[in-house]
Amino acid sequence: MSSKSITGEGGAGRAGDKIFSGITVTAGCLILFVLFCVAVFLMWQALPTFMADPADISGGGGFGRYILPLVIGTVIAALIALLIATPVGIGVALFISHYAPRRLAQGLGYLVDLLAAIPSVVYGAWGMTVLAPALVGPYNWLAENAGWIPIFAGPASQTGKTMLTAGIVLSVMVLPIITSLTREIFLQTPKLHEEAALAMGATRWEMIRMAVFPFARPGVISAVMLGLGRALGETMAVALVLSSGGLIASLIRPGNQTIAAEIALNFPEAFGLRLSELIAAGLVLFLITLAVNVVARWIISRHKEFSGAN
Amino acid sequence: MLDTTSALSRPGSLLTKNRLPRYTPWIVLAAALILGAALSALIGFSVTSFAIFTAVLFVLGGTVVTWIVEGRRHAVDRLATNLVCGAFLLALLPLVSVIFTVLVRGLPGLSPDFLLTSMGGMTGAVDNATTDNGTAVLGGAYHGIVGTLLITFWATVISVPVGLLAAVYLVEYSRGGTLSRAITFFVDVMTGIPSIVAGLFAAAFFGLVFGPGTRTGFVAAVALSVLMIPVVVRSTEEMLKIVPNELREASYALGVRKWRTILKVVVPTAISGIASGVTLAIARVIGETAPLLVTAGFVNTINFNAFAGWMSTLPTFIYRQLMSPTSPTNTDPSTQRAWAAALILIVMVMLLNLGARLIARIFAPRTSR
Amino acid sequence: MSKRIDVKDLNVYYGNFLAVQDVSINIEPRSVTAFIGPSGCGKSTFLRTLNRMHEVLPGARVEGEVLLDGENLYGPGVDPVTVRSHVGMVFQRPNPFPTMSIRDNVLAGVKLNNKRISKSDADDLVERSLTGANLWKEVRDRLDKPGSGLSGGQQQRLCIARAIAVSPEVILMDEPCSALDPISTLAIEDLIEELKSDYTVVIVTHNMQQAARVSDKTAFFNIAGTGKPGRLIEYADTPVIFSNPAEQATEDYVSGRFG
């Protein structure tokens, strides 16, 4: 052993290193390639839609006229979801990070995470059979008493399968995303800042406003953006819950449609140009969510550099 | 100033001045309950309106009482506390409601027959007869269970190696170059791809290569792996990052090559976390519905071949039973089947989540002294 | 078994930053050499260049020669992995592999390299290495228990056993006692004294008493200021360094006037 030289051996071993690192790089590049393919294949298959005579497109007014109401519907559904899920999600996160007793906090966190574990189709089924019928009464009441506001214009749907119901179901699905991300950020608030605020005689809420929120703001914004991305692309909740139709302002009447649900409902029977139309719609959805996610990630990464955390 | 000491020693002064006693919230709650019941009775009593009135009255009452006795700052604090706790209770409502609904509606339909028969030969006439005669609902979700397991299996087979190796590249080989930053960024972007778009991609890809309308279990598996890979990469990355550098150095110092160090020291140290991350990724895709609708189609019969023919899964089975019931006139049997399938699906997902935690605990390196 | 080390005009860089400048030193076989000096003076960096462990950090490179019995570690065609199986290393914090038993930890160098070894040879090697690390009597009843269950001092001796199991010629120790209590430290120091008969031992330490106790020769490293490279100031027999150093800086340091 002691007489062996430091040169001369190791050629074969080095090859192992080269091969293995080569394999890992390939796997990494494969991911980029897949994402590239997603974009390219969607564009390729969507192309006929953009080449076709506008009169042949569903609705007979060209792709722009076809997709615009769907985009608006998608945005409306996502906005309703966020309007509900953002305050509740932040509240839940605060409850777990700063209000709940320490020993319970982790268990309660798991409980909220369970919301994320329930499959979307089950949420859809729940929204369709439990939530929608339960909301018929409130919708009627809204139509009677607040009907002068366009979004509550009657007559209210008698099945409850409306945009507002879909938005509420979506908000339940988005809630765990917002909660888990903001909770992590709230927990990272420097203890020193919190204690400094409390030592000045601040109440718990004042401490949260002085120390926790300023620290967590970028993280909360990006969490909401990621929730938005999820809400925009969620399919089943809308497909099952919404009784779809043309674009209308009222949220408690049947009508409106989102891109994802439009694809899910029509794709199984689609062929030819209709297929291409739906894929083009998917491409639009892809671009919208891509933009939202890129912005969210950008906020997170900028925040990371700023805070010096890794 | 003279009597400061005596003031401090006396209960109910200076430090405890203008403070409400500890039991105040309970009194406010009792008052809110009574008033809430009364108000609810005015408009026709219902549990929902009772709960809403009580909650609003409790929050308002607590704030007002605190304001009067303790001042504005404490009132705002009390309001915030109540709202935060309220948000948590509100978030639990759908969870409880969903689980309750699935249990109550799913359990009656659950039977060995349901688990072991498919929908082959089931027509509207059968369901009509069932309803008319009041006999047990026939048909089951066996084909869906088979499809779900097969498709998830293939998705895992594709995603785990790719995700694992990419994470190894990111943590062990890349040195913060452009490629690694691009991969990290796009993996993040990929986590945000709508599931239906992943389905469309797989459908478009296979449609272009194998002819339009190619729908098999494997196409669905490809769609699911687009959703699964980023989850695997992210969780594996996190786990590899927390392996102490000292272990890598110890291995290098023994004259062990880098790839062996990674495979025999780094990955085994992190394996519990990686395995639980993979399990969670499976749990995430097993309940996906939208991509399966556009890639695997749906059939009523059993298909064991993921590479040919349409394939049903539990999620699409639920969806179809609800959206286009087997018998359009008597939908109850279909609804019952849908909820029973939903119960199976939820049990599967929960077991996977539970399994992930168990794996993390059991296989964690024993570091206890 | 033990080999001599000759370093000629060695510069160590991190990227463009010159961390250690112009070190030349001759380390005798079967001796203990201690590196002392203030924090950040480059003594650990220099130690790691002796088995090319510095290359693990991105951007680190050296100029100059390190000769192991006349063979240049940085010569063309030399594989750093092979170098490390000749020059073993023990780290500041004990780092047994948490997934392996005590026995597997000792055999790690053999098993991780996929070398075949019969059970009896393996048993023999485990006993020999653990005995060499003064740990055999304490752990022979629980060889299959995880190595991370041992005390800090035992873990460090396990790491030494692991290092000598691959039969190196040189053992480098980077502040091996700084994370240990005094009693464990004593055990390690006794062990270093015994290791000297078979290996060339180089030890980095912050503790001057330790250097005085265990080493035959001592090298003092220093830096002129932050951002400046570390240099070898003085290298001589240990008694000389501690009682009659040639350089003023050495005397200031060993007498506790700075650092």
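Two strands pair if DSSP finds at least two bridges between them. Keep that in mind for chain C of this predicted model, where strand β9 is a good place to start.

**Strand β9 of chain C**

Seven of the seven residues of β9(C) (residues 217-223) are buried, so the rest of the structure largely encloses this strand. In a regular strand, side chains alternate between the two faces of the sheet. Here both faces are covered: C:K217, C:A219, C:F221 and C:I223 are buried on one side, and C:T218, C:F220 and C:N222 are buried on the other.

What does β9(C) pair with? Its partners include β3(C) and β10(C), set out here:

| Partner of β9(C) | Residues | Bridges | Direction | Example pair |
|---|---|---|---|---|
| β3(C) | 32-36 | four | parallel | C:A34 with C:T218 |
| β10(C) | 230-237 | seven | antiparallel | C:R231 with C:N222 |

The link to β10(C) is a hairpin, with six residues between the two strands. In that turn, C:G227 has a positive phi of about 85 degrees.

**Where chains A and B meet**

Moving to another part of the model, chain A puts 69 residues into its contact with chain B, and chain B puts in 70 residues. Which element gives the most to chain A's side? That would be helix α1 of chain A (residues 11-51), with 21 residues. Sorted by class, the side of chain A that touches chain B has 50 nonpolar, 15 polar and four charged residues.

Note on methods. Residues numbered from 1 in each chain as written. Chains lettered and ligands numbered in written order. Predicted model: local features only at pLDDT ≥ 70, side-chain atom pairs only at ≥ 80, totals over all residues. Contact = placed C-beta atoms within 7 Å. Nonpolar A, V, L, I, M, F, W, Y, C, P; charged D, E, K, R; others polar. Buried ≥ 20, exposed ≤ 12 C-beta atoms within 10 Å, placed from the backbone.
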